[in-house]
Amino acid sequence: MTRLHLPAALLGLTMVAMAFPVQAEDAKTIAATICSGCHGEDGNSTIPMFPRIAGQDETYIIKQLKEFRGGQRKSDVMAPVVASLKSEDLAPLAAHFNGQKPKGQDARDAKLAEQGKGVYLDGNENSGLPACIGCHQPEAVGHGVYPRLAGQHPEYLLQQLKSFAANERTNDASRLMRVVAKRMTEDEMKAVTEYISGLGPK
Amino acid sequence: MRGEKLIALQARGDALRGEISFEPCQGCHRIDASGRTSGSYPRLAGQHGTVLIKQMTDIRAGRRNNPKMEPFIGDHVVSPMEIADIAAYVSNLPIPKEIGQGPGTGIAHGKDLFAKDCATCHGERGEGKGEKFYPMVAAQHYRYLLREVKFIRDGDRRNSNPEMVKVIGQYSDEDLEAVADFMAQLVAPKK
């Protein structure tokens, strides 16, 4: 009798599971198996060249994933990874990482970070460099098409700024970041990325 | 009047949408649209909506010379509707208290010049006239005013009212400094 009941019990379990957000569970599995090697299971990468994505805006993550797949954002690392994902996985995956607690670090060079704070809050009036705070918000929390930057690895931020300036990264909204990055000196880039890296929870 | 300036003027701009569309502008003009007291960027908060629409559409059409701003106001950034939204939002923001001031030494001379040549269009208190696209010049940052009146006199702004160019064409640098000194300290009238 017990054996006869087992399939029914399994079916029952499956139905219970389907009634609950299976997608979230799938996203967690995908994150653990596919993303965690570089980004960390909770999205707080410890490797400087791979961005921290914990707490990142959902729409921003989805946009990036789609554009890695479509080729609008070029990355030899991310392209094959995203190609292995199903379209319906993108939104739950974005929600998963958005829901993770971001964890950053103190800026390593306090003096440089202080210079960078000036760039972040005021830009540079002489070169027409807008202040980052205008789009990326106070404390670099970002929203919508303007990503969260707080606590990001400074190496990664610097690399992205240079890519925008060199027209290597071209998936920025309305070409705004390419214009902005081209108006920055290398010193300003280094200072502001140092400042941003020290923002947010540690 | 024609083109997207007309479209934007006819559109019913929405301040709530405008708050979102204004975000890329905040990096220079500040979150409260107060600009910079240094005068590098003008105070926009409380300016007439029609004036804002005219200037935005003129800059992106290349009629007003402004290479710093041009990439941020192009038609790949905002639509004419969004320009109307931004104008609706910004024109209703409160005028900030902190305005970059001139040396103060030219106020008396500036007051005379202003009464004689400027007040007819820009209003006795510098309040401007929205329906004529005459900007409010009261409570604008001194350095910005000075830069622009020099541009206008010397033909570098390009979208200036020809009548104004005629009037201030004979002004000396000292006259321009004086009139800017006077305008910056005018208290913006309540609407």
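What follows is a chat about chain A, its contact with chain B, and some salt bridges in the model.

Reader: What kind of model is this, and how is it numbered?
Author: It's a predicted model, where local features need pLDDT of at least 70 and side-chain atom pairs count only at pLDDT 80 or more, while totals for chains, interfaces and linings use all residues. Residues are numbered from 1 along each chain as its sequence is written, chains are lettered from A and ligands numbered from 1 in the order in which they are written, and side-chain values use heavy atoms, with hydrogens and water left out.

Reader: OK, how many helices and strands in chain A?
Author: Ten helices and zero strands, going by DSSP runs numbered from the N terminus (helices are H or I, at least four residues; strands are E, at least two).

Reader: And how much of chain A is buried?
Author: Buried residues are 45% of its 202 residues. Buried means under 20% relative accessible area, exposed over 50%, and partly exposed in between (1.4 Å probe, protein chains only).

Reader: Switching to the interface: how many residues does each chain bring to the contact?
Author: Chain A brings 21 residues and chain B 16, with contact meaning heavy atoms within 4.5 Å.

Reader: Which elements of chain A touch chain B? Any salt bridges there too?

Author: There are two salt bridges between chain A and chain B, a salt bridge being a side-chain nitrogen of Lys or Arg within 4 Å of a carboxyl oxygen of Asp or Glu. One of them pairs B:Arg30 with A:Asp122, with the closest N and O atoms 2.9 Å apart. Helix H6 (110–122), helix H7 (133–136) and helix H9 (176–182) of chain A each give two or more residues to the side that touches chain B. The largest share, three residues, comes from H9(A).

Reader: How many salt bridges over all chains?
Author: The count is 19.

Reader: Which residue does B:Glu4 pair with, and what does that pair tie together?
Author: B:Glu4 meets B:Arg60 in a salt bridge at 2.7 Å, N to O. B:Glu4 lies in helix H1 (residues 3–10) of chain B and B:Arg60 in helix H4 (residues 49–60) of chain B, so the pair ties together parts 56 residues apart in sequence.

Reader: Is each one buried or partly exposed?
Author: B:Glu4 is partly exposed at 24% relative accessible area, whereas B:Arg60 is buried at 13%.

Reader: What about B:Asp58?
Author: B:Asp58 forms a salt bridge with B:Arg63, closest N and O atoms 2.7 Å apart. B:Asp58 is buried at 2% relative accessible area, and B:Arg63 is partly exposed at 40%.
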